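I opened the model today to look up its fold, its core and a few single residues. My entries follow in the order I made them.

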Amino acid sequence: NSAGTILTLIDASGNIKLNAVGTGLYIKEGTNATMGVATLVTGTVIVNTTKVTANSRIFLTVNTAGGTVGSPYISARTAGTSFTITSTLGTDTSTVAWLIIEPA
């Protein structure tokens with residue numbers, strides 16, 4: 001494929017498939033994105049993105065450990081504005097990767 005070409009592989013059931021070994025999914029990060037990273041400050045951080053909804057499934061993982069690492073979770077959200085990641089430990093300063101997926 002040349003630069004700028006979008007290749008979509010959809011099977012007869014409507015599933016998106018990557019059929020070649022070594023292929024992957026790439027999602028652009030930035031303002032109002034559906035994926036990114038955020039750094040906890042005293043165990044919390046607000047992520048601003050208009051993409052979050054009341055029904056969003058937000059997946060989190062510690063990308064880079066910092067401070068005393070706890071378990072990150074979504075403690076609040078405002079649809080169309082932001083969501084808050086909070087750690088179970090207030091001394092957590094980890095960088096947390098997040099991904100928003102909407103249910104069908």
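**Entry 1: Overall fold**

I note at the start that this is a predicted model. I began with the secondary structure. I count 0 helices and 6 strands in the protein. Read along the sequence, that gives β-β-β-β-β-β.

I then checked the dimensions. The C-alpha trace spans about 45 × 30 × 25 Å along its principal axes. The radius of gyration is 16 Å, where a compact globule of 104 residues would have one near 13 Å. I also looked up burial: 25% of the 104 residues count as buried.

Next came contact range. I took the contacts with a separation of 6 or more, and 65% of them link residues 24 or more positions apart.

**Entry 2: The sheet**

In which order do the strands of the open sheet run? I read E1-E6-E3, with 3 strands and antiparallel pairing. E1 and E3 (57-64) are the edge strands, and each of them pairs on one side only. From one strand to the next, the twist averages 25 degrees.

I followed the E1 and E6 pair further. These two strands pair in the antiparallel sense over 5 bridges. Ala 38 has Val 96 in E6 as its bridge partner. Thr 39 has Thr 95 in E6 as its bridge partner.

I then looked at the side chains along E1, and they alternate. Gly 36 and Ala 38 point to one face and are buried. Met 35, Val 37 and Thr 39 point to the other face and are not buried.

**Entry 3: The nonpolar core**

I listed the largest nonpolar core, which holds 11 residues in all. Among them are Ala 38, Leu 40, Val 45, Val 47, Val 52 and Ile 58. Phe 83, Ile 85, Val 96, Trp 98 and Ile 100 also belong to this core. Which strands supply at least two residues each? They are E2, E5 and E6. The largest share, 3 residues, comes from E6.

Ala 38 and Val 96 turn up here again: they are bridge partners, and both are in the core.

I picked Val 52 for a closer look. Leaving aside neighbours within four places in sequence, Val 52 is in contact with the core members Ile 58, Phe 83 and Ile 100. Its other contacts of this kind are Arg 77, Thr 78, Ala 79, Gly 80, Thr 81 and Ser 82.

**Entry 4: Asp 92**

I went to the loop between E5 and E6 (95-101), where Asp 92 lies. Is Asp 92 buried or exposed? Asp 92 is buried, because its relative accessible area is 0% and the cut-off for buried is under 20%.

What does Asp 92 touch beyond its neighbours within four places in sequence? I find Leu 40, Val 41, Thr 42 and Gly 43 among its contacts. Gly 66, Thr 68, Val 69, Gly 70 and Ser 87 are also in contact with Asp 92. A polar contact of 2.6 Å joins the side chains of Asp 92 and Ser 94.

I also took one distance. Asp 92 and Asn 48 are 44 residues apart along the chain, and their C-alpha atoms are separated by 20 Å.

**Entry 5: Thr 86**

I found Thr 86 in strand E5 (residues 82-87). Thr 86 counts as buried because its relative accessibility is 15%, and buried means under 20%.

The side chains of Thr 86 and Ser 75 are joined by a polar contact of 2.6 Å. Not counting residues up to four places away in sequence, Thr 86 touches Ser 75 and also Gly 43, Thr 44, Ser 71, Pro 72 and Tyr 73.

**Entry 6: Positive phi values**

I checked two residues with positive phi that are not glycine. Asn 32 has a phi of about 55 degrees. Its place is in the segment before E1 (35-39). With 30% relative accessibility, Asn 32 counts as partly exposed.

The other is Thr 42, with phi near 45 degrees. I located Thr 42 in the loop between E1 and E2 (44-48). Thr 42 is exposed because its relative accessible area is 60%, and exposed means over 50%. I had already met Thr 42 among the contacts of Asp 92.

Notes
Residues are numbered from 1 along each chain as its sequence is written. This is a predicted model: local features need pLDDT of at least 70, side-chain atom pairs count only at pLDDT 80 or more; totals for chains, interfaces and linings use all residues. Side-chain values use heavy atoms; hydrogens and water are left out. Helices (H or I, at least four residues) and strands (E, at least two) are DSSP runs, numbered from the N terminus. Buried means under 20% relative accessible area, exposed over 50%, partly exposed in between (1.4 Å probe, protein chains only). A polar contact is a pair of N or O atoms within 3.5 Å; within protein, one must be able to donate a hydrogen and the other to accept it, and residues adjacent in sequence count only if both atoms are side-chain atoms. Contact means heavy atoms within 4.5 Å. Two strands pair if DSSP finds at least two bridges between them. Axes are lines fitted to C-alpha atoms, for helices over the stretch in contact, and angles run from 0 to 180 degrees between N-to-C directions. A nonpolar core is a set of buried Ala, Val, Leu, Ile, Met, Phe, Trp, Tyr and Cys residues joined through side-chain atoms within 4.5 Å. The radius of gyration is taken over C-alpha atoms; the globule rule is 2.2 Å times the number of residues to the power 0.38.
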